[in-house]
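Got your viewer open? Load the model, pick a cartoon view and keep the selection box handy.

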Amino acid sequence: RVCQNKNSVLAVAAEKLPRFAGGMNMLSPDFAVPQGHVRDITNMDVITGGVLRTREGYAAEPHVAGDRCHSLFASPGFMLHADGPSLKRTTRSGVSVVASVQIGSPVTYAVLPDGSVAFSDGVSAIGRVNASGPAEGLSIPPPGSPRVTPTQNGLLRAGRYTLALVWLDADGGESPPSLPVAVDLLDGQGVELTDISAVPPVGAVAIRVYCSHANEAALFEARFVTVGVTTVRVDSAPSGPLLETLFESAFPACSVLAFAAGRLLGFRGNAMFWSEPFRYGVYRPASNFIQFAHPGAIIVPTQDGIYVGTLGPNGEGEVGFLSGFDFGQQPYRMVTPYGAYPGTLVFMPNSTQAAWASPRGFVVVDASGQSANISQEKVVFPGATRGGSLVREKDGVRQIISSLVPTGADSPFISTGYAEGEVIKGASAQ
């Protein structure tokens, strides 16, 4: 400022602009906000040294229209989102429906090594989708169990025999087997299998028949036939490879998906499942799971293990670190005594760090199980059921931005633009 009178001109140093190096602080009282902190900032960035800068705005240009859109996923080649009962893919050439999903159920995603994206609505739908073509299953579904009856003029010894079927794809990959069925034979008999489906599932090109030796549990390849055959005979003892996939099942629909160390991981309710190595569509129900006290919320793969977070209906839960990738045998260490909000996981660009929103604020973790809560002491986070997050980088400032779905009844207040309100209550003299 410059002050001037009749006889002289007095130069006065310019006042320093306020700096807010401490950032936002919602926990201190209005009358005791610490120096360098601010109660609320709208459309401003706090840059180096605590200086405020107006945030740049962007014009909204709609690309996709829908009635009830949610569960957005973006990759370099295409975008996915749910719209009512449909999972839709957006590319430069337009929008197409690729799968059916449960109305209102959030859809979760995981990128697989071949670039395809696994998806699930947590209820019934699970599959994968690429930049083109319809969605496909993670594996061929198992065939139904055949009907088995003894036949004459065979070469089998007397005893009990167990049989099962598998579908084969064009690359020789097997589906999970049908439930095994048993039959008792006399000397010199064989087995006839009937009621084999004449309509194969998508991707199936052949059928492999497995059979045990007399009174044994292991099954070996006995016959190989093309699809469309509905009746098969097994007249001699099997001599082919062992059925290694006995008692495997199709990977279940999950509310959380992730990929780590060659396996697909998922939460369904309180249980976390993992697939067989590099066979993302199948798992072993008897062994490939861990049970937690609360429903699963996040799975965070890192170079040294995975973070696993839960969230109960009343906000209870925790986040732990499972070191290594020997699934089912990993040591568990609690990282935070509070859970994580589903859908808020982000990975930091050019870093091994990840972050998520929790009931106590933003949690940032590294690859080895170390964590830091960067907002617990200053910012109040609402109770929420889930949310969405992104990482924003601008002018050397990195920000995590989350939008949360609060718990409780839906608010009857709807703002189509922008609304702000503040109520300050003073002490009563009465």
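Here is a short walk through a predicted model, one selection at a time.

**Stop 1: a pair of rings**

Start by selecting F259 and Y280 and showing their side chains. The ring centres sit 5.5 Å apart and the planes meet at 80°, so you are looking at an edge-to-face pair. Now colour by secondary structure. F259 belongs to strand β22 (residues 256-260), while Y280 is in the loop between β24 (271-274) and β25 (282-283). The two partners are 21 residues apart in sequence, so their contact ties together separate parts of the chain.

Buried or exposed: where does Y280 fall? Switch on a surface and check: Y280 is buried, at 13% relative accessible area. F259, at 21%, counts as partly exposed, because the cut-off for buried is under 20%.

This pair has company, since a search of the whole structure turns up eleven aromatic pairs. For another spot with rings, select F251, F273 and Y283, which make up one aromatic cluster.

**Stop 2: a pocket**

Next, select M24, F362, V379, I400 and I401. Of the 32 residues lining the second largest pocket, these lie nearest its centre. The pocket holds about 1,500 Å³ of space.

Which strand gives the most to this lining? Select β36 (397-406) to see the answer: β36 contributes nine residues. Then add β3 (23-24), β5 (44-46) and β33 (361-365), each of which supplies at least two lining residues, as β36 does. If you colour the lining by residue type, you should find 20 nonpolar residues, eight polar ones and four charged ones.

**Stop 3: a three-stranded sheet**

Move on to β11, β12 and β13, which form an open sheet in that order with antiparallel pairing. At the edges are β11 (108-111) and β13 (126-129); each has a single partner strand, so one side of each has no neighbour in the sheet. Look along the sheet for its twist, which averages 25° from one strand to the next.

Zoom in on β12 (residues 117-120) beside β13: four bridges join this antiparallel pair. One spot to pick out is S120, which stands opposite I126 in β13.

**Stop 4: a four-stranded sheet**

Now select β16, β15, β18 and β19. That is their order in another open sheet, again paired antiparallel. Here β16 (181-185) and β19 (219-226) take the edges, and each is left with one side free of a sheet neighbour because it has a single partner strand. On average, neighbouring strands of this sheet are turned by 30° against each other, direction ignored.

How many bridges join β18 to β19? Seven, with β18 (residues 206-212) and β19 running antiparallel. Label I207 and look across to V225, its bridge partner in β19.

**Stop 5: two loop residues with unusual backbones**

Most residues other than glycine have a negative phi, so the last two selections deserve a look. Select D195, which has a positive phi of about 60° though it is not a glycine. D195 is in the loop between β17 (189-194) and β18, and is exposed at 56% relative accessible area.

Finish at N350, another residue other than glycine with a positive phi, near 55°. N350 lies in the loop between β31 (346-347) and β32 (354-358). With a relative accessible area of 84%, N350 is exposed as well.

Terms used: Residues numbered from 1 in each chain as written. Predicted model: local features only at pLDDT ≥ 70, side-chain atom pairs only at ≥ 80, totals over all residues. Heavy atoms only, no water. Phe/Tyr/Trp six-rings, centres within 6.5 Å; stacked < 30°, edge-to-face > 60°. Buried < 20%, exposed > 50% of the residue type's maximum accessible area, 1.4 Å probe, protein only. 1 Å grid on protein atoms, 1.4 Å probe; cavity = no way out; pocket = protein on both sides within 12 Å on 5 of 7 lines; lining within 4 Å. Points joined across faces, edges and corners; volume = space filled by probe spheres on them. Nonpolar A, V, L, I, M, F, W, Y, C, P; charged D, E, K, R; others polar. Pairing = 2+ DSSP bridges. Axes fitted to C-alpha atoms, helices over the stretch in contact; angles between N-to-C directions.
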